[in-house]
Amino acid sequence: MLKKSIYSLSLLVGLFFTACSSQDENDANTLLSTNEFVLKEISGQEYIIKKANEGFVLSSQKEKIVILDIFATWCPPCQAEASHLSKLQEKYKDNLSIIGISVEDDINATKLQEFRKQYDATYALSTSSDNRRIINAVATSLNVGRNFGIPLMAMYKDGKLINYYQGATEEEFIESDIRKALGK
């Protein structure tokens, strides 16, 4: 009886730690290290974000400030912040890259296009299958837990965290931190 129980327990533990995946093994994200994330914008452009120092850096634009905006299309504060982030993106376009990363699993480009049009979200919006992985990495690095509030924005410069904002945040506070990061 004891052997049967141990065998059953071993089988259950083995099944528990074995994961099934529907992800294509040739997907770009499966080929990269755990410190790199490939985010695909709804226009098709890809952004490679790397974990660096205490934060993240956009590999093609290392000198720029990067804001990772974790949001949902159905979230009223997320909807309200979209036009503010667009204004900041336009105002600091030479020094700032904003990437919106939806917490909604399997969100399609059409839904993000509708969000962009309705809320004037003219910054990059990711439809990547890697959204969840980078969201978890950002949340872990910020120590906000697994069930954090949205929107959650994290601002980085040269791979270092400048500041992060959880919940509705005034545009002036974000701009103040952008200006400090630029030395203005």
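How many residues lie between E2 and E3 in their hairpin, and which residue in the turn has a positive phi? There are two residues between these strands, and Asn53 in the turn has a positive phi of about 50°. Please keep in mind throughout that the model before us is predicted.

Let me stay with this hairpin for a moment. Strand E2, residues 46-52, and strand E3, residues 55-58, run antiparallel and are joined by four bridges. Within this pairing, Lys51 stands opposite Phe56 in E3. The side chains of these two residues also meet: Lys51 lies over the face of Phe56, at 4.9 Å from the ring centre.

Phe56 leads us to the aromatic residues. The structure has four aromatic pairs. One of them joins Phe56 and Tyr156 in an edge-to-face arrangement, with 5.4 Å centre to centre and 75° between the planes. Because Phe56 belongs to strand E3 and Tyr156 to strand E7, this pair ties together parts that are 100 residues apart in sequence. Both Phe56 and Tyr156 are buried. Together with Phe37, they form one aromatic cluster.

A second example is the tilted pair of Phe115 and Tyr119, at 5.2 Å centre to centre and 45° between the planes. Both residues lie in helix H4, residues 109-119, and they are four residues apart, about one turn of the helix. Phe115 is buried, at 3% relative accessibility, whereas Tyr119 is partly exposed, at 21%.

I now turn to the sheet. As a general reminder, strands of a sheet pair through backbone hydrogen bonds, either parallel or antiparallel. Here, five strands form an open sheet in the order E6-E5-E4-E7-E8, with mixed pairing. Strand E6 (124-126) and strand E8 (160-166) are at the edges; each has a single partner strand, so one side of each is left without a neighbour in the sheet. From one strand to the next, the twist averages 20°.

Within this sheet, strands E4 (residues 65-71) and E5 (residues 96-102) run parallel and are joined by seven bridges. Phe71 stands opposite Ser102 in E5.

Two helices deserve mention alongside the sheet. Helix H5, residues 131-142, lies across E4, E5, E6, E7 and E8, running at about 75° to E7. Helix H6, residues 171-181, packs on the sheet and touches E4, E5, E7 and E8, its direction making about 175° with that of E8.

Finally, a word on cysteines. Cys75 is buried, with a relative accessible area of 3%, and Cys78 is also buried, at 1%. A search of the whole structure finds zero disulfides.

Definitions and conventions. Residues are numbered from 1 along each chain as its sequence is written. This is a predicted model: local features need pLDDT of at least 70, side-chain atom pairs count only at pLDDT 80 or more; totals for chains, interfaces and linings use all residues. Side-chain values use heavy atoms; hydrogens and water are left out. Two strands pair if DSSP finds at least two bridges between them. Axes are lines fitted to C-alpha atoms, for helices over the stretch in contact, and angles run from 0 to 180 degrees between N-to-C directions. Contact means heavy atoms within 4.5 Å. A disulfide is a pair of cysteine sulfur atoms within 2.5 Å. Buried means under 20% relative accessible area, exposed over 50%, partly exposed in between (1.4 Å probe, protein chains only). Rings of Phe, Tyr and Trp (its six-membered ring) pair if their centres lie within 6.5 Å; planes under 30 degrees apart count as stacked, over 60 as edge-to-face and the rest as tilted. A charge sits over a ring if NZ of Lys or CZ of Arg is within 6 Å of the ring centre and within 35 degrees of the ring normal.
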